[in-house]
Structures are given as C-alpha cells and as structure tokens.
Amino acid sequence: MVFKSKIHAMVSIAALAVTIAGSLPFSSPASAKSGSLAQVSSGIKVTMNGDEFQPNSAPYIKKGTVYLPLRDIGELLGSVVFWNSSSKTVTMTYPELTVKLNYGSEKATVNGKAKTLTAPLGLVNGRIYVPLRFLSEATGADVKWNAKTQTVSISQSNEIVKGIGVNSNIWLKRGTGELYIAHPYEQAPVKVGKVDADFKELISLNMFMTSNGNMLLTIMDNHGEPHINYDVYGVLVRNNAIVSQKKASYFQRYEENEIYYQYLDEAKNEYVERTLLTDGRTLSVFDSEGKEVEKYDLPTLAGKDENYAVLGAGKDYLVVRPNRSGFVTVIDLKNNTKVEMYDKVLTGDDLDYARNNDVPYHGDILGYLGEDTSTGNLLFSYDSPFDNKPIKVFTYNLKTGKTGTHSE
C-alpha cells in the first residue's frame, strides 16, 4: 500500500541544520587544555523576562564574565548560533544582525564592524562557551548580574518572534509584520516582505520548502479568552520574496490547513507539485512558478456559508470542514458534488453525537488521514466517545462512492 499522509514528505529548509547547529564538540587546539579556562558552576541561574532558563550544560563565571554553552545561547536569545570547526568561528545571526567571534581572539565583528570583547570564547570539556552579556546585548537585550543570588537576569522585547525546532530559521516582527528567513540555515536572515496582519497574542511559526524551492509558511495567532480564536496566515515565498498571502479565521476549532499536494502527469510521466493558500472561503492553487492556476469558492462547493479548513487536497478532490457546523466534507472537483462523511460512515450513538453535540464544538470528530494512492481511497480516523475500542479507520473511494473500514 502506498499511503500519502496528510503530513507530506516536504523538505524542511532547516532539517539538515538541526544536526550542525548549536554547541558542537570539536578537537581542542594543542595549546588549550579542555576544562582549563574555568571552574564550572551549577549554582548560576539564568532568567529571561523573569522565567528561569534551563541550559543543557551548566553556565560558569570567570573574571566577572558569565559564560553559556553555545548550544543554549541561540535558544535563549531567539537567534541562530553555530560553530564552524574549520575556521574556529562562532557566528550568531538575527534579523539585521550578524555577529562573528573567533576562538582565541578578543575581537568580534558586529555587522562587519570590529568590536572588542571583554572576554574571549571559552572551552570546557571540548565544548564552546560564549560570553553571555556580549551576545545578549548585541540583540538589544538588557543584562543584569546579581552576585548575591548568582543570577543573570535578561530582559528582551517580545517584538521579534522566532520559529522553534526545524523552523528556527524564521523570524517575524509583531508590530510591522516583517518576515525574515535564513536560507541556507547558516546565512544571515533575509527580509522577504511583510505579512499584512494585526497580531494579537500567541504566535507560532511553521515553514516547509517544496522540492521546487517554494516556501510555505503558516503563522498562527491564537488569541481571545480562553484562546478560542485562531487567525491563520498562509504565506507563499519564492526567490526570497512573498508571492501571495492569505488570512483565515477560525473559532474554537482549528485544524492545520493542507498547503501542498502532488500528482502524476501520466502524459509526461512526471509528478506535478501544487501549493495551496486559503482565506477560509476561497482556496488558491499555485504552480511551481508561484502562479495561481486554480481558485475554488469553498462555500459554493460545500454548500454552507462558513469559513472552511482545508484538510486535504488533490487534483480531483478537496477535503474540507466548515468551521461552525463542523462536518468533514469531501468535494469531487470533476463534477462538483459533495459528501458529508459522518452520514456515510457513522451509525447509532456515534451518528447522533455528530449531529447534535456542541461540546467542545459542533460537528463530527472524524479526522482526515490522507490518500491511499494504491487504491484511490481517502482515509478517515474515528475515536468513538462511547467505547474503549481502538481507533477506527474508514475508507471512501471517490470514483465508486463506496465506504468501508481499513485495518493495518
């Protein structure tokens, strides 16, 4: 069985960087003895905006300078920090900021200009440590040291939001919407444009890159009390410039929108990639050049005047969910027919629950898993609230209209 999951095999632009970024061990210079630069102290605390930060390795203090492991400084400051073992250089990048420090030197460069360090890089047990104050203040943070409590207190504006994990090469300025991307990962961030947005509260960033080099970003702003509103911004970036962007708003229920699919062009015997952006009411489909090639009116196709989450897509179908009424709907794009899946696969108490429940939200609790390309079946998961049986997987064949169950 060939299963095309909803989480496609898209290449994250930071995937390879995860293995090289951060604090990397290296062979110590002949003149330096590992651990000779400092006495490691586990009693030093570091706080960021009042919250205690837990480094992976203990910080230390030497001659009045607090050092933090290289692998931790990027996470703490919202920057990208990496070690080049061949040149023995630490580089920190941040929007409109590049700092370079050479091992053994008391000089640094900040955006190409020479600066004098109060302390050089440190080496403990084969790992690079960096002077915390210098890099923190380079990003505009305020640093205070309390000798009595052995605490470094850092205050930093939340104006710049950074992606985490494999998305740690994205930055967004809340106030202006300016979007920065570092690609390749170790390069200085480039401003690709502005997101047209009024950001309110909890922001998260995600980005994937397709094989043709297009970047798809999803920026989610979760706001309102108690975090029941979701403003989701989809951004298509090509050649370091924003090509198109859309905003979709959802209430209570948010499911990640599909942003990509591919299909086999049998005439050419090659796969065609498509990228997707939605504002909840229209779905735009873009080709590999970033040009819009299709546009779908979701309320017209699905039959309800609501905002929609696009759970899945292919050349001939869409899987959507209306935000308020909440029934997963399959749309056949060949004839513009639609099917609400709860009415096809659920029975008894489960069917009644889908039709009438309103906690935590209206509609069914079917999940879309993806397409089994070997059979053409669309797969849906269902975890019944009325029994302790394993999660069921239902199938739906777009060509025949038949439903069934699927077992792994």
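User: A salt bridge is a side-chain nitrogen of Lys or Arg within 4 Å of a carboxyl oxygen of Asp or Glu. How many salt bridges does the structure hold?

Analyst: This is a predicted model, in which local features need pLDDT of at least 70 and side-chain atom pairs count only at pLDDT 80 or more, while totals for chains, interfaces and linings use all residues. Residues are numbered from 1 along each chain as its sequence is written, and side-chain values use heavy atoms, with hydrogens and water left out. The number of salt bridges in the structure is 15.

User: Which residue forms a salt bridge with K144?

Analyst: K144 is exposed at 52% relative accessibility (buried means under 20% relative accessible area, exposed over 50%, partly exposed in between; 1.4 Å probe, protein chains only). Its partner is partly exposed, with a relative accessible area of 35%. The closest N and O atoms of the pair are 2.6 Å apart, and the partner is D142.

User: How many residues apart are K200 and D231?

Analyst: Their side chains meet in a salt bridge of 3.7 Å, N to O. K200 sits in the loop between β18 (190-194) and β19 (202-209), whereas D231 belongs to strand β21 (residues 229-238); strands (E, at least two residues) and helices (H or I, at least four) are DSSP runs, numbered from the N terminus. D231 is buried at 6% relative accessible area, and K200 is partly exposed at 44%. The separation along the chain is 31 residues.

User: Which residue forms a salt bridge with R238?

Analyst: The closest N and O atoms of this pair are 3.2 Å apart. R238 is in strand β21, and the partner is in the loop between β25 (282-286) and β26 (292-297), 51 residues apart. R238 is buried at 18% relative accessible area, while the partner, partly exposed at 47%, is E289.

User: What is the order of the open sheet of 4 strands?

Analyst: Two strands pair if DSSP finds at least two bridges between them, and 3 bridges join β11 to the antiparallel strand β12 (residues 127-131). In that pair, L123 stands opposite I128. With antiparallel pairing, the order is β4-β5-β12-β11.

User: Why is one side of β4 and of β11 left without a neighbour in the sheet?

Analyst: β4 (60-62) and β11 (122-124) stand at the edges of the sheet. One side of each is therefore left without a neighbour, since each has a single partner strand.

User: At about what angle does helix α1 run to β5?

Analyst: Helix α1 (residues 70-77) lies across β5 (65-69) and β12. Axes are lines fitted to C-alpha atoms, for helices over the stretch in contact (heavy atoms within 4.5 Å), and angles run from 0 to 180 degrees between N-to-C directions. The angle to β5 is about 95 degrees.

User: How many aromatic pairs are there?

Analyst: Rings of Phe, Tyr and Trp (its six-membered ring) pair if their centres lie within 6.5 Å; planes under 30 degrees apart count as stacked, over 60 as edge-to-face and the rest as tilted. The count is 9.

User: Stacked, edge-to-face or tilted: which is the pair of Y250 and Y254?

Analyst: Y250 is buried at 4% relative accessible area, and Y254 is partly exposed at 23%. Their ring centres are 6.1 Å apart and their planes lie at 40 degrees, so the pair is tilted.
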